[in-house]
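Student: Could you take me through the disulfides of this model closely, with the cut-offs behind each term?

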Amino acid sequence: DLSGAEKVDALTEAGYSSGNPRLSTEGSYSNRDYYGEVSIPLLADVTGFEELTIDAAYRHTSYSDFASDTVDRIAMKWKPIDDVTVRATSSSSYKAPTIADLNFGGGGGFPTYVDPCEQNVQQTYTAEQQAMAKVQCAKEGLDTATWATSNNQILAFSVGNPTLIPENGTNETFGVVWQPTTIEVLENINFKMAIDSFTLEIENAVVGSGSQNALNQCYKYGREDYCAKVSRSYGGDVNSVEYGYINSESMDRFRGVDYSVNMTFEDLSLIGGNLEVDVIGTHFKENVTVDASGVSDDYVGACYDFGESCFNRDRITLSLRYYKNDWRIGLTTRFLSGIDTSDTVKEYFAEKIVFVDGLPGCGKTLFSTIISAMDKVELLSYSHEIEHICQLFYLDKIQLDAAKTMISIQTDLKLYNTMM
C-alpha cells in the first residue's frame with residue numbers, strides 16, 4: 001500500500017504566510033508486482049564471440065486505481081574481441097501517477113505570462129486566432145487593438161487530477177565500448193571510450209496543463225472550460241489562473257547520443273600522484289515535448305515555456321580528479337551549446353522602436369502618450385533605477401564604465417520583465 005498526506009496550516013492555505021499558498025493533500029492506492037529476470041550466456045571463448053549474453057526481465061503490475069500492465073526488457077552483450085563490447089537494449093516502461101499528481105490539494109506560484117488580449121502579440125497569431133481573441137477579450141471589456149497589461153506575473157494555482165492514467169514508454173539503446181589492451185600507451189592510462197545512441201518515447205506523459213495554456217485555450221481557441229479558470233481584476237489585468245495535471249495527448253520523444261572518455265594517469269613524473277580524467281557528453285537529436293503553452297514541438301536547441309526552460313543540443317562535462325597521499329583535488333566544468341534567438345523574438349524587435357518612458361511630471365508625460373500611440377513603437381514603463389544611475393554619474397559618484405554596465409543590466413531586466 002502507498003499513502004501520503006501533507007497537512008498545511010490555515011495561514012498558508014489562506015495565502016497569508018511568507019511563502020506561496022498551498023492546500024492540504026491526502027491520498028493512497030495499493031499495487032502488487034510480480035518480477036523475474038534471466039541471464040543466458042550463449043557463447044564464450046569462440047572466434048568472433050569472446051562473449052555473447054542475452055538478458056531478459058519481466059514485470060507485471062496491478063494497481064487498485066489503474067489498469068494492470070506489464071513491462072519487459074531484453075538486453076544483448078557481445079564481445080567480438082577482448083577490447084570491444086557491443087551492447088543493445090529494448091525495454092518498455094510503465095509509471096503510475098504519484099499521490100501528489102492525483103490528489104494535490106493545490107499550490108500557487110507566480111510565473112511570467114503573455115496576455116493573449118494584448119495588442120502587441122496579435123501580430124504573432126493567425127487570422128483565425130486574432131478573430132477569436134477579439135471576441136473572447138471583448139467579453140472581458142478588452143480591445144485587442146489597444147489593450148496592454150500592467151503586470152508581468154500572475155498567481156498560477158495548480159491542483160491534482162484524480163482521473164490521470166499511467167504513463168507508458170519504450171526505450172531502445174545501441175552502443176559500443178572500446179577498452180584497448182593491445183595499444184600499450186592507451187592501456188597504461190586505462191583508456192576507455194563508450195558511445196551509445198538512444199531513443200525514448202513516452203505516451204500519456206503526466207504534465208501540467210500550464211497557466212499560459214489555460215489563457216491561450218480560452219482566448220485564442222474559445223475554450224470556455226479554460227476561461228472559467230481565469231480570474232481578471234476590475235481593470236482587466238489577469239489576477240490568477242488555475243491549472244492541473246493532465247495526460248499529454250502527444251507522444252514525448254527523445255533521441256540522441258551519449259558518449260564518454262575515461263583515463264587515469266598514474267604516478268605523474270613531475271608532481272607525483274594520480275590524475276583521473278572523465279569526459280561525459282550528450283548530443284541531442286530530438287526532444288519533442290509539450291511546453292507550458294500546451295504546444296508539442298521539437299525543442300532541441302531552443303528555449304520554451306516563455307524563456308523559463310532551454311534545451312541545449314550539446315552538453316559536455318569534464319571532470320578532473322587528482323589524488324596524492326591524503327590529498328584530493330577535483331575540478332568539474334560543463335559546456336552547453338549555444339541557443340539562437342527565436343525568429344519570433346527577432347521579428348518582434350526588428351519591427352519595434354523601443355523607448356524607455358520618462359518620469360511623470362517632468363515634462364515627458366505628454367511625449368510618452370504621443371509616442372505610445374505610434375505604429376511599431378513599444379513603450380516600456382519608467383525605470384527609477386536608470387534615472388538614479390544617471391544622477392550618480394553626473395554627480396561624479398561612479399565612473400562611466402560602471403554607469404554603462406549598470407544601465408545595461410537594468411535595461412535587460414526591464415526588457416525581460418516586459419517581454420516575458
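Tutor: What follows is a close look at the disulfides. This is a predicted model, in which local features need pLDDT of at least 70 and side-chain atom pairs count only at pLDDT 80 or more, while totals for chains, interfaces and linings use all residues. Residues are numbered from 1 along each chain as its sequence is written, and side-chain values use heavy atoms, with hydrogens and water left out.

If a disulfide is taken as a pair of cysteine sulfur atoms within 2.5 Å, the count comes to 2 disulfides. One of them joins Cys117 to Cys137, with an S to S distance of 2.0 Å, and because the torsion about its S-S bond is about -95°, this disulfide is left-handed. Cys117 lies in the loop between strand E7 (107–109) and helix H3 (127–138), whereas Cys137 is in helix H3, so the pair ties together parts that are 20 residues apart in sequence; helices (H or I, at least four residues) and strands (E, at least two) are here DSSP runs, numbered from the N terminus. Cys117 counts as buried because its relative accessibility is 0%, and Cys137, also at 0% relative accessibility, counts as buried, where buried means under 20% relative accessible area, exposed over 50% and partly exposed in between, with a 1.4 Å probe and protein chains only.

The other link joins Cys218 to Cys227, with S to S at 2.0 Å. With 100° about the S-S bond, the link of Cys218 and Cys227 is right-handed, and both Cys218 and Cys227 are buried.
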